[in-house]
Amino acid sequence: QQMYHKTGGNFDITIKPLISLWGFDSDFSSEKIPMENAVNDALTQVGMDQIILNKNTVLKNNSNVQFDMNAIAKGRGVDKISHFLKSAGFQHFMVEIGGEVYASGVNKNNSFWKIGIKHPEEFSSDITAIAAFSNSGMATSGTYQHFFNWEGKDYSHILDPRTGWPVEHDIISATVIAETCAKADAIATALIVMGFENALAWVEKTDGVECYLIRRDKESSKLIATQSKNFPLH
């Protein structure tokens, strides 16, 4: 809920009805785009303003509201394991789940942990940049991993919770460093929804958050990388 408000609604876990409608559930059954009226109907079930948090209780103003935690699940898992390791007395470690990372202390060379950022191509294993950091989480979100093609156009699994449609910005990958991996995970998704210029501007005015953004130039189709002022490139 905090991330929903901080990102201006660009991060919204109540997006589940739209995820299901577009076929981006776990079975990834996307075959064609849904009818516009179906998207509009699903939108009536989306919005964090339709839930109320009262201590450990979640109240729904709309019984059809559903949650999709995929945008923070891996980051949250990383944080839980990191918390366990710290509580057990470990100070120097790195935890990774599916590309989401938390780095604590220093590595065996007594320097900050160096984490590679994957090149944003579907079948590429190349590293496009390296970040060196400690006591922070890092997460990457991208439109290049899960999508389907309908009548010659690609539709990404990252949906805009306000329009109900896949994002169409030129930004294709967002890597975020923040105090926790769950926070970095959520923000990375939100930045993709914001689009390149808005995302970079949002990060630059937000304390404790840095980003490395990759966009595709519409004219040349070349990939262009830009980082926030204090992103710790190695």
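1. Cys181 counts as buried in this predicted model, its relative accessibility being 0%. Cys211 is likewise assigned to the buried class, also on the strength of a relative accessibility of 0%.

2. Neither burial should be read as evidence of a bond, since the structure holds zero disulfides. Cys181 is in no disulfide, and the nearest cysteine sulfur to its own, that of Cys211, is 16 Å away. Seen from the other side, the closest cysteine sulfur to that of Cys211 is the one in Cys181, and because the separation is 16 Å, the two are too far apart for a bond.

3. Cys211 also belongs to the surroundings of Val203, which, once neighbours within four places in sequence are set aside, is in contact with Leu191, Val209, Glu210, Cys211 and Ser228. Val203 lies in helix α6, which spans residues 196–204, and with a relative accessibility of 2% Val203 counts as buried. Val203 and Thr7, although 196 residues apart in sequence, have C-alpha atoms 10.0 Å apart in space.

4. Helix α3, which runs over residues 36–43, has Val39, Ala42 and Leu43 as buried residues. Viewed down the axis of α3, the buried residues fall within an arc of 105 degrees, and they therefore line one face of the helix. The exposed residues Asn37 and Asp41 are carried on the face of α3 that is turned away from the buried side, while the elements covering the buried residues of α3 include α2, residues 16–22.

Definitions and conventions: Residues are numbered from 1 along each chain as its sequence is written. This is a predicted model: local features need pLDDT of at least 70, side-chain atom pairs count only at pLDDT 80 or more; totals for chains, interfaces and linings use all residues. Side-chain values use heavy atoms; hydrogens and water are left out. Buried means under 20% relative accessible area, exposed over 50%, partly exposed in between (1.4 Å probe, protein chains only). Helices (H or I, at least four residues) and strands (E, at least two) are DSSP runs, numbered from the N terminus. The arc is that of the directions from the helix axis to the C-beta atoms. Contact means heavy atoms within 4.5 Å. A disulfide is a pair of cysteine sulfur atoms within 2.5 Å.
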